[in-house]
Amino acid sequence: MSTERTLVLIKPDGVRRGLSGEVISRIENKGYRVTSLVMMSATREILERHYAEHEGKPFYEPLVEFMLSGPIVAMVVEGNRVIEGFRSLSGATDPTVAAPGTIRGDLARDQGTKVVQNIVHGSDSPESAAREIEIFFGGK
Ligand code: DAT
Ligand code: MG
């Protein structure tokens, strides 16, 4: 049994709109386990580490500003193939075309902003998951 772990963030748009419970329900209803959870205000330093791969892209600064615009929820979620599974629950990055039935497809849409506001983040590989869990939960 190779139980995997992923980092899930509920972004400020999700928290602001009162969708944290809905997102957690979808994760739990799918059968994954939330093993750590914290509501927090991210810092620029944390976000610059977390989004390092996007530095220099046109949406990078708006992305960091957006993630600083309100509290977020950070979670570690566990289960077999949860990295792939949560990305599937989330849907495509662009909420306009994310499939209905997914978190982004059902709950988000284009707001005309420089950065896409799409409710959730989920790690995209085992290496990213380990790196991101360390950023948000290292030392805990
Ligand atoms: P994902 O969150 O689906 O892994 P990503 O890692 O490529 O997507 O990008 C991080 C976030 O940045 C994404 O959730 C929304 C925003 N974003 C990505 N590409 C964008 C684009 N072309 N224009 C505006 N915002 C974008
Ligand atoms: Mg990503």
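Here is a short chat about how some labels on this predicted model are earned.

User: Before we start, what are the ground rules for numbering and confidence?

Analyst: Residues count from 1 along each chain as its sequence is written, and chains are lettered from A and ligands numbered from 1 in the order in which they are written. It's a predicted model, where local features need pLDDT of at least 70, side-chain atom pairs count only at pLDDT 80 or more, and totals for chains, interfaces and linings use all residues, while side-chain values use heavy atoms, with hydrogens and water left out.

User: Okay, ligand 1. What makes a residue count as being around ligand 1?

Analyst: The test is a heavy atom within 4 Å of the molecule. The residues that pass are Lys11, His54, Phe59, Leu63, Arg87, Thr93, Arg104, Lys114, Val115, Val116 and Asn118.

User: And how do you know that ligand 1 sits in a pocket?

Analyst: Sitting there means that more than half of a molecule's atoms lie within 2 Å of the pocket's grid points. A pocket is an open set of points on a 1 Å grid over the protein atoms alone, where a 1.4 Å probe fits, with protein on both sides within 12 Å along at least five of seven lines. Ligand 1 meets that test for the largest pocket.

User: Which atoms put Thr93, Val116 and Asn118 in polar contact with ligand 1?

Analyst: A polar contact is a pair of N or O atoms within 3.5 Å; within protein, one must be able to donate a hydrogen and the other to accept it, and residues adjacent in sequence count only if both atoms are side-chain atoms. For Thr93, a side-chain N or O atom is 2.5 Å from an oxygen atom of ligand 1. Val116 uses a backbone N or O atom, 3.1 Å from a nitrogen atom of the ligand. Asn118 brings a polar side-chain atom to 2.9 Å from a ligand oxygen. On its own, ligand 1 exposes 510 Å², and the protein buries 74% of that (Shrake-Rupley areas, 1.4 Å probe).

User: Why is Asn118 called buried?

Analyst: Buried means under 20% relative accessible area, exposed over 50%, and partly exposed in between (1.4 Å probe, protein chains only). Asn118 comes in at 2%, so buried it is. This residue belongs to the loop between α6 (103-107) and β4 (120-122), with helices (H or I, at least four residues) and strands (E, at least two) being DSSP runs numbered from the N terminus. The Asn118 side chain also makes a 2.7 Å polar contact with that of Lys11.

User: What makes Ile119 stand out in its phi?

Analyst: The value is near 70°, which is positive in a residue other than glycine. Most residues other than glycine have a negative phi. Ile119 is in the loop between α6 and β4, and its 0% relative accessibility makes it buried.

User: Where is Arg81, and is Arg81 buried or exposed?

Analyst: Arg81 is in the loop between β3 (72-79) and α5. Its relative accessible area is 55%, so it goes down as exposed. Phi is positive here too, near 60°, in a residue other than glycine.

User: How do you know that the buried residues of α2 line one face?

Analyst: In α2 (residues 20-30), the buried ones are Ser20, Val23, Ile24 and Ile27. Viewed down the helix axis, they fall within an arc of 95°, so they line one face; the arc is taken from the directions from the axis to the C-beta atoms. Just after α2, Gly31 has a positive phi of about 110°.

User: Back to loops: why is Thr96 called exposed, and why is Thr102 called buried?

Analyst: Thr96 has a relative accessible area of 52%, so it counts as exposed. Thr96 is in the loop between α5 and α6, with its C-alpha 9.6 Å from that of Asn118, 22 residues apart along the chain. Thr102 is at 9%, so it counts as buried. The place of Thr102 is in the loop between α5 (82-90) and α6, and its side chain reaches the backbone nitrogen of Gly105 at 2.9 Å.

User: Last one: what makes Gly56 exposed?

Analyst: Its relative accessibility is 72%, so the label is exposed. Gly56 is in the loop between α3 (44-50) and α4 (60-67).

Key
1 Å grid on protein atoms, 1.4 Å probe; cavity = no way out; pocket = protein on both sides within 12 Å on 5 of 7 lines; lining within 4 Å.
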